[in-house]
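Let's work through a few exercises together. Have a look at the model below, then try each task before reading its solution.

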2 protein chains.
Amino acid sequence: MIKIALIGAGSIVFSGRLVSDLVHAAKAIRGAYVTLMDVSKERLAVVHRLATAYAKKTGASLTFVPTLSREEALRGADFVIHTAFVPGYQRMEAERAIAERLGYYRGLGDRVSDYYGGIGAYAQLRFLLELAEDMERLCPNAWLLVSANPVLEGTTLIGRRTSVRVVGMCHGSAKFWDVVRILGLRPESVEFSVAGLNHCIWLTRFCYEGEDAYPFLDQWLQTEATRFWQSEEYLFNPQNYQMSPAAFALYRMFGLFPIGDTVRSASPWWFHVDLAAKKKWFPAGGVDSEIGWTCRLSENLSLLRKLARVTPEEPPFFHEFFPTAPSAEPHVPFIVARVTGKPTRLVLNVRNEGLIPGLPEDVFVEVPCRVDAASIEPEPVDPLPRRLLLYVLLPRWLRMERVLQAFEDGDRTSLVLEVAEDHRTQSWNQAVQAVEALLALPWNEEARRHYRGPEQGWNWGLPEGDLRKD
Amino acid sequence: MIKIALIGAGSIVFSGRLVSDLVHAAKAIRGAYVTLMDVSKERLAVVHRLATAYAKKTGASLTFVPTLSREEALRGADFVIHTAFVPGYQRMEAERAIAERLGYYRGLGDRVSDYYGGIGAYAQLRFLLELAEDMERLCPNAWLLVSANPVLEGTTLIGRRTSVRVVGMCHGSAKFWDVVRILGLRPESVEFSVAGLNHCIWLTRFCYEGEDAYPFLDQWLQTEATRFWQSEEYLFNPQNYQMSPAAFALYRMFGLFPIGDTVRSASPWWFHVDLAAKKKWFPAGGVDSEIGWTCRLSENLSLLRKLARVTPEEPPFFHEFFPTAPSAEPHVPFIVARVTGKPTRLVLNVRNEGLIPGLPEDVFVEVPCRVDAASIEPEPVDPLPRRLLLYVLLPRWLRMERVLQAFEDGDRTSLVLEVAEDHRTQSWNQAVQAVEALLALPWNEEARRHYRGPEQGWNWGLPEGDLRKD
């Protein structure tokens with residue numbers, strides 16, 4: 001019997017997908033024992049009730065056990081799925097509001113709303129590291145499947161600092177199928193490959209019926225794009241950004257088509273300076289504007305409201321919580337491939353080890369892998385354009401190294417230097433203020449103690465007077 | 001008889017120092033044959049006349065031969081010294097003025113007035129590459145000593161693309177002796193080491209009478225700095241920046257004291273936004289402000305005027321052109337060490353090959369080396385602070401890679417992307433305009449043909465309309 005621990009199971013959307021995938025794969029992983037772990041007893045109770053009812057309804061032979069104890073969830077686990085978002089959306093929005101008052105439209109971060117666990121990603125990295133250290137003790141042979149952001153920073157940290165077997169997972173690459181659908185291609189005749197860093201992956205191979213399919217993109221831009229970009233499907237759905245002007249501009253700038261969150265995260269600063277810029281490059285302002293992000297929060301809220309109505313007396317509408325087909329999440333297919341040995345192609349985040357020359361060996365890169373019971377074999381990566389490497393991948397890698405250095409050294413100066421390099425920063429003092437304002441929030445008490453400032457203060461111990469000024 | 005070729009011999013300041021050093025070392029390199037090569041016949045005639053007269057006066061057994069032919073200078077040379085600044089100061093100032101009108105105070109570049117040969121360093125890199133290719137043909141065993149900027153880009157390019165034996169040279173590290181002098185230490189009791197990239201080197205070891213001397217810096221800041229920074233020596237001399245507030249702020253920010261041009265080049269963007277900022281961090285505005293740079297140009301001009309008065313009838317005042325003691329330039333000491341075999345310690349730019357972990361093997365780093373007839377042995381480098389690597393050295397390395405990629409691929413998009421990342425750039429169109437305005441200058445005709453823009457233009461082939469806007 002395999003044991004799966006789902007850490008952060010209170011996330012309705014994510015847990016819904018995973019439970020659904022487990023139910024669809026129930027035959028392959030017959031009798032799996034799934035612990036649902038979260039810090040919210042209420043959320044956990046709802047998810048557990050739904051999952052159990054759904055398994056019963058579908059006759060899936062799965063056991064779901066709720067727990068508030070991470071230790072209980074991890075002990076003897078074979079697979080640990082980490083999806084927890086420690087700070088939660090309310091703190092995220094409070095911190096964003098402070099940053100906006102200090103001149104940072106939509107807050108600090110990676111040009112998007114992917115909130116990485118507060119300043120310096122502290123909350124997420126601390127949690128992940130402790131989780132991995134617990135695993136070294138309680139389930140040293142288990143696989144850790146990390147979907148919690150930041151995936152690049154998190155997987156690289158764990159790969160460098162612990163003995164845990166870790167792989168990063170993101171459904172972002174599945175947005176490739178939006179390309180196929182919108183171009184009107186038959187999915188079964190498509191071949192593709194992607195490569196890069198998480199949230200920064202690029203279509204390195206794209207074939208249709210054995211021929212290069214990139215010309216379909218060029219042709220679509222010339223003949224279909226204008227109509228598409230004026231359609232309801234596009235203008236009324238901020239999530240529909242895969243075929244946006246931003247994606248095509250990136251393709252032309254860097255030579256490869258960007259896939260999934262890449263369009264948001266890897267697009268340059270001038271795509272994101274204000275709502276007008278975002279609306280130009282992304283449908284309906286994109287996922288990360290006040291418009292798109294509010295739509296997303298609103299959707300989550302509506303789901304939570306429906307869940308609040310679920311009682312043992314009133315049967316849930318399963319289809320509202322559980323996708324009827326397998327989701328695009330690679331977690332369950334990964335588990336099935338490991339358990340049954342059936343080779344499966346999955347886009348995963350694994351140690352680079354030369355796959356992408358120019359990036360260090362121990363950095364986690366996102367590439368298609370062949371997974372079976374014995375191995376996880378990354379496919380070779382076609383050479384990436386030098387311009388893409390120099391203006392996108394290496395800067396993203398450098399940011400990752402800075403986040404990890406600040407975290408590992410408890411280095412507030414590094415946090416401020418990184419904010420100072422943000423294109424919106426107008427002065428050193430503005431960067432200092434932003435970092436100090438976020439660290440001063442009551443829930444950042446631990447981070448405030450962790451990130452020590454310089455002994456001489458932000459004036460670097462220089463004599464008083466004019467020098468104190470910015 | 002050894003043969004030395006001096007390429008760019010019309011540079012009065014540089015040639016003055018080298019001729020003086022050669023005269024001082026005349027015994028060691030007895031009978032050396034020195035070709036002075038330049039494109040300016042007039043300048044060459046003056047330098048040649050002075051050098052010959054000086055050698056005669058001092059009884060130095062050296063032959064100086066002027067030539068306008070690079071081929072003649074290179075044929076059979078043992079050492080080739082490259083100091084040529086191809087575009088010249090007038091074009092530099094014309095291009096700076098254009099950039100300033102477009103929003104770039106003091107022009108595009110590396111936060112300083114080190115002008116790298118026009119947009120993308122084109123003029124300097126093209127000249128250097130052709131010089132090295134000529135050497136492969138005409139003097140394949142000669143050493144190429146590169147002092148022409150950009151030294152980092154140039155040496156790395158030549159090291160990667162040709163078989164020429166190349167070493168980079170900069171007198172910047174000699175500014176360390178300003179530290180010693182101003183702290184009031186006896187030079188003979190000082191030990192030191194530096195490491196980094198050209199114009200970005202850091203005091204990795206500093207000992208006085210065998211003890212760590214960094215506390216002298218801390219103490220000086222507390223007790224002497226205020227008085228020093230109000231002194232004439234400091235306020236009236238833009239070149240006196242080694243012990244500036246900028247240097248101490250960098251020391252505190254990154255953990256090591258910056259040496260020489262590092263204080264100018266490696267200081268962050270907010271030290272350089274306008275004259276007020278420059279004046280706060282650097283004496284008299286620093287070398288790179290309109291104040292400091294005009295002083296420098298004015299000094300050069302005054303020297304040229306004096307030279308114009310030099311005639312065979314009126315003997316020159318040698319001391320105005322030739323330093324009476326050996327200069328801080330490492331060229332002649334390098335030649336003497338290679339010729340005589342006497343081991344000599346020199347700060348040089350050589351292939352990294354693991355000296356600084358985190359930088360690629362084939363990048364040229366600036367470190368002390370032991371030079372003798374048979375070898376050039378770099379000293380091991382103490383580990384550099386991670387924060388210094390992540391916020392200073394790696395970004396400078398990345399800039400170098402971008403400059404070389406743009407040059408090698410003839411890639412105008414890359415030029416624009418680099419300018420777009422300049423902290424002063426407010427929009428993509430501003431970056432496009434700056435690059436196009438500089439390439440449109442008549443003397444940049446060749447560069448304009450070399451750096452090809454995208455076929456779809458700067459709108460990336462997106463449909464017309466709002467999308468065209470910035």
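**Exercise 1. Find how many salt bridges cross the interface of chain B and chain A, and look at one of them.**

Start with the rule: a salt bridge is a side-chain nitrogen of Lys or Arg within 4 Å of a carboxyl oxygen of Asp or Glu. With that rule, four salt bridges turn up across the interface of chain B and chain A. One to look at joins the side chains of Glu408(B) and Arg386(A), at 3.6 Å from N to O.

Next, try polar contacts, meaning a pair of N or O atoms within 3.5 Å; within protein, one must be able to donate a hydrogen and the other to accept it, and residues adjacent in sequence count only if both atoms are side-chain atoms. Here the interface of chain B and chain A gives 14 residue pairs, both residues at pLDDT 80 or more.

A word on what you're looking at: this is a predicted model, in which local features need pLDDT of at least 70 and side-chain atom pairs count only at pLDDT 80 or more, while totals for chains, interfaces and linings use all residues. Residues are numbered from 1 along each chain as its sequence is written, chains are lettered from A and ligands numbered from 1 in the order in which they are written, and side-chain values use heavy atoms, with hydrogens and water left out.

**Exercise 2. Work out which helix of chain B gives the most to the side that touches chain A.**

First, the elements: helices (H or I, at least four residues) and strands (E, at least two) are DSSP runs, numbered from the N terminus. On chain B, the helices α8 (214-223), α9 (225-229), α11 (245-254), α13 (275-281), α17 (386-409) and α18 (412-421) each bring at least two residues to the side that touches chain A. The top contributor is α17(B), with 14 residues.

Then count contacts (heavy atoms within 4.5 Å): 52 residues of chain B meet 52 residues of chain A. Finally, take the buried area, the accessible area (1.4 Å probe) that two parts lose on being put together, summed over both. Chain B and chain A bury about 4,600 Å² between them, with 63% of it on carbon and sulfur atoms. Arg386(B), Tyr391(B) and Trp460(B) supply 15% of the area that chain B buries against chain A, more than any other three residues.

**Exercise 3. Say what turn lays chain B on chain A.**

Superpose the copies by least squares on the C-alpha atoms of residues with pLDDT of at least 70 in both. A turn of 180 degrees, with a shift of 0.0 Å along the axis, lays chain B on chain A with an RMSD of 0.0 Å. That's the relation of a two-fold axis. Both copies use the same surface, as 100% of the contact residues of chain B recur in chain A. Of chain B's residues, His423(B) comes closest to the rotation axis, at 2.9 Å (C-alpha).

**Exercise 4. Find where Pro150(A) lies and what kind of peptide bond joins Asn149(A) to it.**

Pro150(A) is in the loop between β5 (143-146) and α6 (151-161) of chain A. The bond between Asn149(A) and Pro150(A) is cis, with omega about -5 degrees. Chain B has a cis bond from Asn149(B) to Pro150(B) too, with omega near -5 degrees.
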